[in-house]
Amino acid sequence: MIEQDIEIILAAGIKAPSADNSQPWQYEFDGHNLKLWADKKRSGGISDERYVLTDLALGATIENMCIQASALGYTTNVSYFPDELQVMHVATLSWVVSESQDSQLAQAIPRRHCDRRFPWKGPVTKEHKLALVQQARKFQHTDLLWLDAPEKRRIGLALLAQAEALRFRTQALHQELFSSIHFEIGWKKIAPEGLSPATLAIESLVRPIFSRLKSWSLMKKLAFLGMDKMLGFRAAALPARLAPGLCILTTRSIDRTGVIDAGRALQRVWLQATHEGLSAQPFAASGIYTLGFIPLSKEALPQLKSMKDLMKSLCGEQHGLLVLRIGFAPATSPPKSGRRPLEAFLKP
Ligand SMILES: Cc1cc2nc3c(=O)[nH]c(=O)nc-3n(C[C@H](O)[C@H](O)[C@H](O)COP(=O)(O)O)c2cc1C
């Protein structure tokens, strides 16, 4: 493969989304094969038990590379977990020359971003919805369910509100969330990894209060007064309620390869949305908690049971992984998350 092409493919991989912009992967390239590793330092946190968030991000990275390679005229062979003893060696990719195709999605790779502003405009048409479903179904076990019926929407919003509130009521989850936000850079600059405050779309008046909530002792007191629910509503349920489209990405397989495929499906859905001019924001908390891998405290167990029931009534025997709100955002572009340079992704 031409050196310039591999650089373009690796750069496309880096543009993939990841929970809290953690960018939890590393590259090892020997001139022919690319080993893709989960980055030990950037994965395995409390919300990432069993590497579900990491595997979703690595799936998105793999898909970006496959789509970019295809546009350059290569077919990508992907082999998952080629070494059974190395759980962090997620995949090996190799390329053979072929016809170039799939450039529509490739063109969307640099434009795709997470937009947290709201409200968004519609309509999200039947044709849009079908195009996104078709992308989600490119993998054996994945699907995209639209929450169009009023009852499904009501359940979806209740689920989002409960799951997001829990992030502000549980010390370990609160610390994980706030430690990924780089308050130290202020509300204008963009950090190369993690969440830059500028990308959070928090109203100017609320910013000083929000940054003080980093203190668990303060958050704990305020949660006692119901602030956790208010934050959950503002962070997820309200933007989702005002979104013209709400859907949930599901999988029938939650082993690690099933989750990686779901990450690939997520990326295809998101790129297709970008191609259609639609914005998207994923919400991971409800899927992550209801999968049941996270060691939640005893006090959270009744809440977890309630969330599992809501998720089951939405997805039946499938597992809901991410809720996505979809719609047309304002024409102006929001501040975009940063990325580390390519060299920082190379495994030492
Ligand atoms: C697995 C996964 C989970 C995510 N969960 C959330 C979430 O719960 N809330 C949110 O606002 N963004 C979520 N995101 C979006 C990321 O925060 C976003 O992709 C990242 O900050 C990089 O920004 P970009 O998508 O604009 O490149 C998630 C992304 C992924 C891949």
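The paragraphs below lead through a predicted model, beginning with its domains and ending with single residues.

The protein chain is divided into two parts, of which domain 1 covers residues 3–112 together with 341–345, while domain 2 covers residues 126–327. The C-alpha centres of domain 1 and domain 2 lie 23 Å apart. In the contact that joins these domains, 31 residues come from domain 1 and 29 residues come from domain 2. On the side of domain 1 that touches domain 2, the helices α2 and α3 (103–108) each supply at least two residues, and the largest share of that side, 11 residues, is contributed by α2. Sorted by class, the residues on this side of domain 1 comprise 16 nonpolar, eight polar and seven charged.

Helix α2 is also a good starting point for a look at the packing of helices. The axes of α1 (residues 3–14) and α2 approach to within 7 Å and cross at roughly 145 degrees, and the crossing in which α1 passes α2 is right-handed. On the α1 side, this contact is made by Asp 5, Ile 8, Ile 9, Ala 12 and Gly 13, and on the α2 side by Thr 61, Asn 64, Met 65, Gln 68, Ala 69 and Leu 72. By class, the contact of α1 with α2 has six nonpolar, four polar and one charged residues.

The ligand brings α2 into view once more. Of the 20 residues around the ligand, those that come nearest are Pro 17, Asn 21, His 113, Ala 284 and Ser 337. Two or more residues of this shell are given by each of the elements α2 (52–72) and β7 (279–283), and the largest share of the shell, four residues, comes from α2. Which domains contribute at least three residues each to the shell around the ligand? Both domain 1 and domain 2 do so. The class make-up of the shell is 12 nonpolar, five polar and three charged residues.

Among the residues that come nearest to the ligand is Asn 21, which is found in the loop between α1 and β1 (25–29). The backbone of Asn 21 has a phi near 50 degrees, which is a positive value in a residue other than glycine. Is Asn 21 buried or exposed? Asn 21 counts as buried because it has 22 C-beta neighbours inside 10 Å, where 20 or more are required. A positive phi in a residue other than glycine occurs at Ala 201 as well, where the value is near 55 degrees. Ala 201 is placed in the loop between α6 (171–179) and α7 (207–212), and it is partly exposed because 15 other C-beta atoms lie within 10 Å.

Further backbone features are found in the loop between α3 and α4 (126–136), where Pro 119 has its place. The peptide bond that joins Phe 118 and Pro 119 is cis, with omega about 0 degrees. Pro 123 is likewise found in the loop between α3 and α4, and the peptide bond leading from Gly 122 to Pro 123 is cis, with omega near -5 degrees.

Two further loop residues remain to be described. Leu 296 is found in the loop between α11 (285–291) and α12 (301–315), and it counts as partly exposed because it has 16 C-beta neighbours inside 10 Å. Leaving aside residues up to four places away in sequence, Leu 296 touches Thr 170, Tyr 289, Leu 301 and Leu 304. Of these pairings, the one with Thr 170 spans 126 residues in sequence, whereas the C-alpha atoms of Leu 296 and Thr 170 are 8.3 Å apart in space.

Arg 252 lies in the loop between β6 (245–251) and α10 (256–275). Why does Arg 252 count as partly exposed? The reason is that 14 other C-beta atoms lie within 10 Å of its own, a count between the limit of 12 or fewer for exposed residues and that of 20 or more for buried residues. Leaving aside residues up to four places away in sequence, Arg 252 touches His 141 and Gln 318. Arg 252 and Leu 166, which are 86 residues apart in sequence, are 26 Å apart in space from C-alpha to C-alpha.

Terms used:
Residues numbered from 1 in each chain as written. Predicted model: local features only at pLDDT ≥ 70, side-chain atom pairs only at ≥ 80, totals over all residues. Contact = placed C-beta atoms within 7 Å. Near = placed C-beta within 6 Å. Nonpolar A, V, L, I, M, F, W, Y, C, P; charged D, E, K, R; others polar. Domains from an automatic or database assignment. Axes fitted to C-alpha atoms, helices over the stretch in contact; angles between N-to-C directions. Left-handed = near helix turned anticlockwise from the far one by under 90°.
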